[in-house]
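Reader: Could you take a close look at one part of this model for me, the place where the two chains meet? I'd like one connected walk through it.

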2 protein chains.
Amino acid sequence: MKIRVNIQLKAGVLDPQGKAVHHALSSLGFNEVADVRVGKQILLDIDESDVTKAKARVTDMCEELLANTVIENYEIEIL
Amino acid sequence: MKIRVNIQLKAGVLDPQGKAVHHALSSLGFNEVADVRVGKQILLDIDESDVTKAKARVTDMCEELLANTVIENYEIEIL
C-alpha cells in the first residue's frame with residue numbers, strides 16, 4: 001500500500017525557507033505570489049493491506065520519527 | 001487561490017534521505033515498510049482567480065525555480 005505523509009510547519013511557526021522562495025519568486029517577476037510555505041512529503045510503501053491498520057502504523061511512525069509534532073503538522077493520505 | 005506543488009525525485013534517482021529514514025524506521029521496529037522516498041511540498045497562496053492561468057503560472061515557477069527538472073518530477077494541485 002502506498003501512503004503519502006504531508007508534513008508542514010504549524011501556522012505561526014517562522015518558515016525561513018518559504019520566505020527565501022517567496023523572495024526568489026518575486027525577483028523572477030512572479031508578483032502574484034502572496035505567501036509560500038515549504039514542507040516535506042514522505043512516500044511510504046507498506047506491506048499491509050488493511051487501511052485502518054496501515055493508518056495507525058503510519059501515525060505511530062509520524063509521532064516517533066517522521067514529524068516534529070512541536071512545530072509540525074502531519075496529514076496521512078492513502079494513495 | 002491555494003496551490004500545492006508536490007516535488008519528488010524521479011524514479012531511478014538515488015534518494016539517500018529516503019534510505020536513511022527507511023533504516024531509522026526499521027530500527028524502531030517498523031519492519032513492514034518496503035520503501036521510503038522523501039520529497040518536498042510547496043504551498044503557494046496566489047492572487048489569481050482563474051484556475052487555468054494560475055496553473056500555467058505555477059508551471060512556469062516550477063520550471064524556473066521550484067523544481068530541478070533534471071532529477072525531479074512535480075505535480076500541481078489546486079486546493
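Author: Let's start with a single pair: B:R4 forms a salt bridge with A:E75, and their closest N and O atoms are 3.6 Å apart (a salt bridge being a side-chain nitrogen of Lys or Arg within 4 Å of a carboxyl oxygen of Asp or Glu). Between chain A and chain B the count is six salt bridges. There are also 20 residue pairs in polar contact between the chains, both residues at pLDDT 80 or more; a polar contact is a pair of N or O atoms within 3.5 Å, where within protein one must be able to donate a hydrogen and the other to accept it, and residues adjacent in sequence count only if both atoms are side-chain atoms.

Some ground rules before going on. This is a predicted model, where local features need pLDDT of at least 70, side-chain atom pairs count only at pLDDT 80 or more, and totals for chains, interfaces and linings use all residues. Residues are numbered from 1 along each chain as its sequence is written, chains are lettered from A in the order in which they are written, and side-chain values use heavy atoms, with hydrogens and water left out.

On the side of chain A that touches chain B, β1, α1 (16-27), β2, α2 and β3 each supply at least two residues (helices, H or I of at least four residues, and strands, E of at least two, are DSSP runs numbered from the N terminus). The largest share, 14 residues, comes from β2(A). By class, that side has 17 nonpolar, five polar and 12 charged residues, with Ala, Val, Leu, Ile, Met, Phe, Trp, Tyr, Cys and Pro counted as nonpolar, Asp, Glu, Lys and Arg as charged, and the others, Gly among them, as polar.

As for area, the two chains bury about 2,900 Å² between them, 57% of it on carbon and sulfur atoms (buried area is the accessible area, 1.4 Å probe, that two parts lose on being put together, summed over both). In chain A, A:F30, A:E32 and A:Q41 lose the most area to chain B, together 22% of what that side buries.

Now back to β2. Strand β2 (residues 33-46) of chain A and its antiparallel partner, β2 (residues 33-46) of chain B, are joined by 13 bridges; strands pair if DSSP finds at least two bridges between them. Along this pairing, A:D45 stands opposite B:D35, and A:D35 stands opposite B:D45. The whole open sheet has six strands in the order β3(A)-β1(A)-β2(A)-β2(B)-β1(B)-β3(B), with antiparallel pairing.
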